[in-house]
Amino acid sequence: MITQKQKTFAIYALPLGLLCIPLFGNIISDEVHWTASDFIVAGGLLFTTAFLINLVRSRVKNLGRKVLICVTILLILALVWAELAVGIFGSPLAGS
């Protein structure tokens, strides 16, 4: 059985694992061009999302609400990430 500490560790280890993908891409390929600021912004987004999901997981008791809030957090992450990457809304923060 997985303990609460192990679940929390997994929640915070996932963003670190995800950030390793572009890091290895930078090392192996010339087609991936992430700067230090890209890693800082991506890390901030991913770790903030992990923190919010962990907070919801520990504070919200109703399973339906917990799932709804976590899905909403993940959708907001996806929208912000897409805006920063390609500018789907055309804001000044757009990456294109």
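This report walks through some helices, buried residues and surface features of a predicted model.

## Helix H2 and its buried side

A good place to start is helix H2, which covers residues 36-59. Helix H2 has 24 residues, and from its first C-alpha to its last it reaches 34 Å. That is close to the 34 Å expected at 1.5 Å a residue.

Which residues of H2 are buried? They are Ala-42, Gly-43, Leu-46, Thr-49, Ala-50, Ile-53, Asn-54 and Val-56. These buried residues pack against two partners, H1 and H3. As you look at the list, one general point may help: an α-helix has 3.6 residues a turn, so residues three or four places apart point the same way.

## A closer look at Asn-54

Asn-54 is one of the buried residues of H2. Its relative accessibility is 13%, and it counts as buried because that value is under the 20% cut-off. What does Asn-54 touch, leaving aside its neighbours within four places in sequence? Its contacts are Thr-8, Ile-11 and Tyr-12. Helix H1 spans residues 4-28, and H1 is one of the helices that the buried residues of H2 pack against.

## The largest nonpolar core

Now turn to the inside of the model. Ile-53, Val-56, Val-60, Cys-70 and Ile-73 make up the largest nonpolar core, which has 5 residues. Two elements, H2 and H3, each give two or more residues to this core.

Ile-73 is a member of the core with several contacts to look for. Leaving aside neighbours within four places in sequence, Ile-73 is in contact with Thr-49, Leu-52, Ile-53 and Val-56. Among these, Ile-53 and Val-56 also belong to the core.

## A nonpolar patch on the surface

The surface has a nonpolar feature too. Val-41, Ile-76, Val-80, Leu-84 and Leu-93 make a nonpolar surface patch of about 420 Å². Which helix gives the most to the nonpolar patch? Helix H3, residues 63-86, does, with 3 residues.

Val-80 is part of this patch and lies in helix H3. With a relative accessible area of 34%, Val-80 is partly exposed, because this value falls between the 20% and 50% cut-offs.

## Leu-14 on helix H1

Finally, find Leu-14 in helix H1. Is Leu-14 buried or exposed? Leu-14 is exposed, because its relative accessible area of 54% is over 50%. You can also trace the chain from Leu-14 to Asp-30, which is 16 residues apart from it. The C-alpha atoms of Leu-14 and Asp-30 are separated by 25 Å.

Definitions and conventions
Residues numbered from 1 in each chain as written. Predicted model: local features only at pLDDT ≥ 70, side-chain atom pairs only at ≥ 80, totals over all residues. Heavy atoms only, no water. Helix = DSSP H or I, 4+ residues; strand = E, 2+ residues; numbered from the N terminus. Buried < 20%, exposed > 50% of the residue type's maximum accessible area, 1.4 Å probe, protein only. Contact = heavy atoms within 4.5 Å. Patch = residues over 30% accessible without salt bridge, like charges linked within 9 Å, V, L, I, M, F, W, Y side chains within 5 Å. Areas by Shrake-Rupley, 256 points an atom, 1.4 Å probe, with all protein chains shown as cover. Salt bridge = Lys/Arg side-chain N within 4 Å of Asp/Glu carboxyl O. Expected span 1.5 Å × (residues − 1). Core = buried A, V, L, I, M, F, W, Y, C linked by side-chain atoms within 4.5 Å.
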